[in-house]
Amino acid sequence: MPIFGKGYDYFLGYALSGGGAKGFAHLGTLKVLEQYGLKPDVIAGTSAGALAGVFYADGFHPDEIVDLFRKHEFREFVSFTIPRTGFLKSTGLHTFLKKNLRARSFEELQLPFYAIATDWEKARTVAFSKGDNLVDAVVASCSVPIVFSPQLIDGIPYVDGGILKNFPVTVIRKMCRYVVGVNVSLIIPKAEKESIRTMVERTFNLMSNSNTLMDKVKCDILIETSGLEKISMFDLHSQNQIMEVGYHAAANTMAEKKSLEIVRRCHRHALLEQNVKNRLEKMSFRKAIK
């Protein structure tokens, strides 16, 4: 937590957008940010961004996260159901998260984390950040309507946060001195051969893009991953390609003068914060031995 900010709870925050399988690009961007010596104080993620964000907040390295998903097929994360509220149930994803996450609650994560979902009944954005419903909240954030059944939390149905807040910058904007936003979901082209899957995917893509405009301008550093427009949101076979696009997009953005200045300020703040902590520890030690 920053100690020199003016009314901020956190100095540096990351906001990770939704985007289905394109979310692997988040892992590439996180690798670049680590190479610049940056560590966030808080993370907010929607859908795929919530998946990447929760593992990163749980202490996993980006390479470790992609290894968890490698060799998995999309069908392993879902099961078919009678299509009343959705064609698929995300039971496999639920099991995957419970098996691989070290934390069992938001409080056990190494970093504060916000999972963004949509309250299906009240049509409002909900940012989950406390309690032992960590896995349910992340699954809810990923539950694309029609494709997946809603996730029930305390009897309330929740669906994908991308419906109303695909890029959760404003969720943490007022809390943070600086926000790095990573948007992996740009407008996709119309499919040459239409199908139910491509219609659902493009509909959701257009809808989620329309609610990102305000969030884009709120970023101190905005990383957007162009070049993934033809990648399906359900494609789990192109992890390396997607991650590489994210890596290069972040490398280009972070090399800009404005980004480098923010990196310098983050390093300076971290050093000052560590110096103050060291002094406080010395004072506590001296009091203890008196």
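A nonpolar core is a set of buried Ala, Val, Leu, Ile, Met, Phe, Trp, Tyr and Cys residues joined through side-chain atoms within 4.5 Å. Buried means under 20% relative accessible area, exposed over 50%, and partly exposed in between, with a 1.4 Å probe and protein chains only. Keep both terms at hand for this tour.

The model is predicted, so local features are given at pLDDT of at least 70 and side-chain atom pairs at pLDDT 80 or more, while totals for chains, interfaces and linings use all residues. Residues are numbered from 1 along each chain as its sequence is written, and side-chain values use heavy atoms, with hydrogens and water left out.

**The whole chain**

Start with a cartoon view. The chain has 11 helices and 11 strands; these are DSSP runs numbered from the N terminus, with helices being H or I over at least four residues and strands E over at least two. Of its 290 residues, 53% count as buried. Contact here means heavy atoms within 4.5 Å. Among contacts between residues at least 6 apart in sequence, 75% join residues at least 24 apart.

**Into the core**

Now select Tyr-14, Phe-55, Leu-97 and Phe-113. Within the largest nonpolar core, which has 63 residues, these four touch the most other members. Then colour helix α2, residues 48-57: with 7 residues, this helix gives the most to that core. A second, separate core has 14 residues, among them Ala-15, Tyr-114, Val-179 and Cys-219.

Which residues is Phe-55 in contact with, leaving aside its neighbours within four places in sequence? Show Phe-60, Ile-65, Leu-68, Phe-69, Phe-96, Leu-97, Asn-100 and Leu-101 to see them.

Several of those names lead on to helix α3, residues 62-69. Its buried residues are Pro-62, Ile-65, Val-66, Leu-68 and Phe-69. Why do they sit on the same side of α3? They cover an arc of only 150° around the axis, where the arc is that of the directions from the helix axis to the C-beta atoms.

**Rings**

Next, show the aromatic side chains. A pair of aromatic rings is described by the distance of the centres and the angle of the planes. Rings of Phe, Tyr and Trp (its six-membered ring) pair if their centres lie within 6.5 Å; planes under 30 degrees apart count as stacked, over 60 as edge-to-face and the rest as tilted. The structure holds 5 such aromatic pairs.

- Phe-55 and Phe-60 are edge-to-face, at 5.3 Å centre to centre with 90° between the planes. Both residues are buried.
- Phe-106 and Phe-113 are stacked, at 6.2 Å centre to centre with 20° between the planes. Phe-106 is buried, with a relative accessible area of 5%, and Phe-113 is buried too, at 2%.

Add Phe-96 to the first pair: ring pairs link Phe-55, Phe-60 and Phe-96 into a cluster.

Stay at Phe-60 and add Arg-102, which lies over the face of the Phe-60 ring at 3.8 Å from its centre. A charge sits over a ring if NZ of Lys or CZ of Arg is within 6 Å of the ring centre and within 35 degrees of the ring normal. Elsewhere, Arg-177 lies over the face of Tyr-178, at 4.3 Å from the ring centre.

**Around strand β8**

Move to Gln-151 in strand β8, residues 151-153. Gln-151 is buried, at 14% relative accessibility. Its side chain makes a polar contact with the side chain of Asp-136, at 3.4 Å. A polar contact is a pair of N or O atoms within 3.5 Å; within protein, one must be able to donate a hydrogen and the other to accept it, and residues adjacent in sequence count only if both atoms are side-chain atoms.

On one side of β8, Ser-149 lies in the loop between β7 (146-148) and β8. Ser-149 is buried, at 15% relative accessibility. Draw a distance from its C-alpha to that of Val-159: these atoms are separated by 7.9 Å, with the residues 10 apart along the chain.

**Backbone angles and a last loop**

Most residues other than glycine have a negative phi. Two residues to inspect here are Ser-47 and Asp-154. Phi of Ser-47 is near 55°, and phi of Asp-154 is also near 55°. Are they buried or exposed? Ser-47, in the loop between β2 (42-46) and α2, is buried at 8% relative accessibility. Asp-154, in the loop between β8 and β9 (156-160), is exposed at 76%.

Finish at Ser-185, in the loop between β10 (176-183) and α8 (196-210). Ser-185 is buried, with a relative accessible area of 5%. Not counting residues up to four places away in sequence, Ser-185 touches Ser-17, Gly-18, Gly-19, Asn-166, Asn-205, Ser-208 and Asn-209.
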